[in-house]
Amino acid sequence: MLDFTLALVGAGPLPELSMREGAHHLADRFSAELVSFACGSEPHSGLQELASRQRDRNRPTLLRLSGDAAMLQGSSGSWFDALAAWRCPVLLLAQPNAAGLIPGIAPASVALCHSLSIPLVGLAQLGGSWDSAARRMDGLPWCGLLDTADGGGAASDALVRSIQQRWKRMNPGISSDLAKLAG
């Protein structure tokens with residue numbers, strides 16, 4: 001298991017700039033190292049490299065995956081398969097469409113994580129207007145709104161607290177370290 005790593009994975013195709021800005025925002029909020037891999041790269045060797053670098057670190061790592069994490073990468077399987085094998089917690093990022101609706105790929109990505117037994121921290125809405133009633137109605141494990149405009153304000157504070165609480169429940173051994181970093 002990658003104990004102190006959280007993978008940031010797009011639930012469907014996300015604009016590269018939005019994904020990068022969101023990942024940088026979360027890395028700043030968690031005082032985390034941000035590592036990026038393209039989903040076209042070999043997943044297991046990438047995670048092995050990350051695990052070996054992590055042994056000497058005392059801060060979390062956010063792993064940003066760019067591209068389609070469900071696409072098979074030859075005999076290695078997909079990045080989702082590798083994240084499941086390594087028991088790496090995942091935060092899915094979903095972006096609303098122009099009408100403010102969450103595309104169907106978001107619940108499909110949640111279902112895929114569950115079917116592969118990936119430790120799913122939840123979903124973060126990347127930009128747009130937060131509609132709490134609609135988010136409650138869809139029954140998905142929302143953590144909140146990832147708003148990179150003006151530092152995110154109260155929405156970012158609430159998102160970070162939600163991610164922190166869920167991540168700590170998955171790995172109680174990191175509780176005190178994570179609280180110090182994001183608190």
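## A guided tour from tryptophan 142 to helix H4

Select arginine 135 and tryptophan 142 to begin: the charged end of arginine 135 lies over the ring of tryptophan 142, 5.4 Å from the ring's centre. Please keep in mind throughout that this model is predicted.

**Stop 1: the tryptophan pair.** Keep tryptophan 142 selected and add tryptophan 130. A pair of aromatic rings is described by the distance of the centres and the angle of the planes. The structure holds three aromatic pairs. In the pair of tryptophan 130 and tryptophan 142, the ring centres are 5.9 Å apart and the planes stand at 80 degrees, so the pair is edge-to-face; the cut-off for that class is an angle over 60 degrees. Which parts of the chain does this pair tie together? Tryptophan 130 belongs to the loop between strand S5 (120-126) and helix H5 (132-137), while tryptophan 142 belongs to strand S6 (residues 142-146), so the pair links parts that are 12 residues apart in sequence.

Now display the surface. Is tryptophan 142 buried or exposed? Its relative accessibility is 9%, and tryptophan 142 therefore counts as buried. Tryptophan 130, in contrast, is partly exposed, with a relative accessible area of 33%.

**Stop 2: strands S6 and S5.** Select S6 as a whole. This strand is mostly covered, as five of its five residues are buried. One residue to look at is cysteine 143, which is buried with a relative accessible area of 9%. Next, add S5 to the selection. S5 and S6 run parallel and are joined by four bridges. To see one partnership, select glutamine 125, whose bridge partner in S6 is leucine 145.

**Stop 3: strand S4.** Glutamine 125 also leads onward: in S5, it is the bridge partner of alanine 94. Select strand S4 (90-94), which runs parallel to S5 and is joined to it by five bridges. How many residues of S4 are buried? Five of the five are, so S4 is largely enclosed by the rest of the structure. Show the side chains of S4 and rotate the view: Val90, Leu92 and Ala94 point one way, Leu91 and Leu93 point the other way, and all are buried.

Add strand S1 (residues 5-10), which runs parallel to S4 and is joined to it by four bridges. Glycine 10 has leucine 93 as its bridge partner in S4.

**Stop 4: helix H4.** Select helix H4 (residues 105-115), in which Ala106, Ser109, Val110 and Cys113 are buried. These residues cover an arc of only 100 degrees around the axis, which puts them on the same side of H4. An α-helix has 3.6 residues a turn, so residues three or four places apart point the same way. What covers the buried residues of H4? The cover includes helix H3 (79-85), strand S4 and strand S5.

Within H4, select serine 109. At 7% relative accessibility, serine 109 counts as buried. Leaving aside residues up to four places away in sequence, serine 109 touches Ala11, Gly12 and Leu92; Leu92 is a residue seen earlier in S4.

Cysteine 113 counts as buried at 0% relative accessibility. A disulfide is a covalent bond between the sulfur atoms of two cysteines. How many disulfides does the structure hold? The number of disulfides is zero.

**Last stop: after H4.** Select serine 117, which follows H4 and has a positive phi, near 60 degrees.

Terms used:
Residues numbered from 1 in each chain as written. Predicted model: local features only at pLDDT ≥ 70, side-chain atom pairs only at ≥ 80, totals over all residues. Heavy atoms only, no water. Phe/Tyr/Trp six-rings, centres within 6.5 Å; stacked < 30°, edge-to-face > 60°. Helix = DSSP H or I, 4+ residues; strand = E, 2+ residues; numbered from the N terminus. Buried < 20%, exposed > 50% of the residue type's maximum accessible area, 1.4 Å probe, protein only. Lys NZ or Arg CZ within 6 Å of the ring centre and 35° of its normal. Arc of directions from axis to C-beta. Contact = heavy atoms within 4.5 Å. Disulfide = S-S within 2.5 Å. Pairing = 2+ DSSP bridges.
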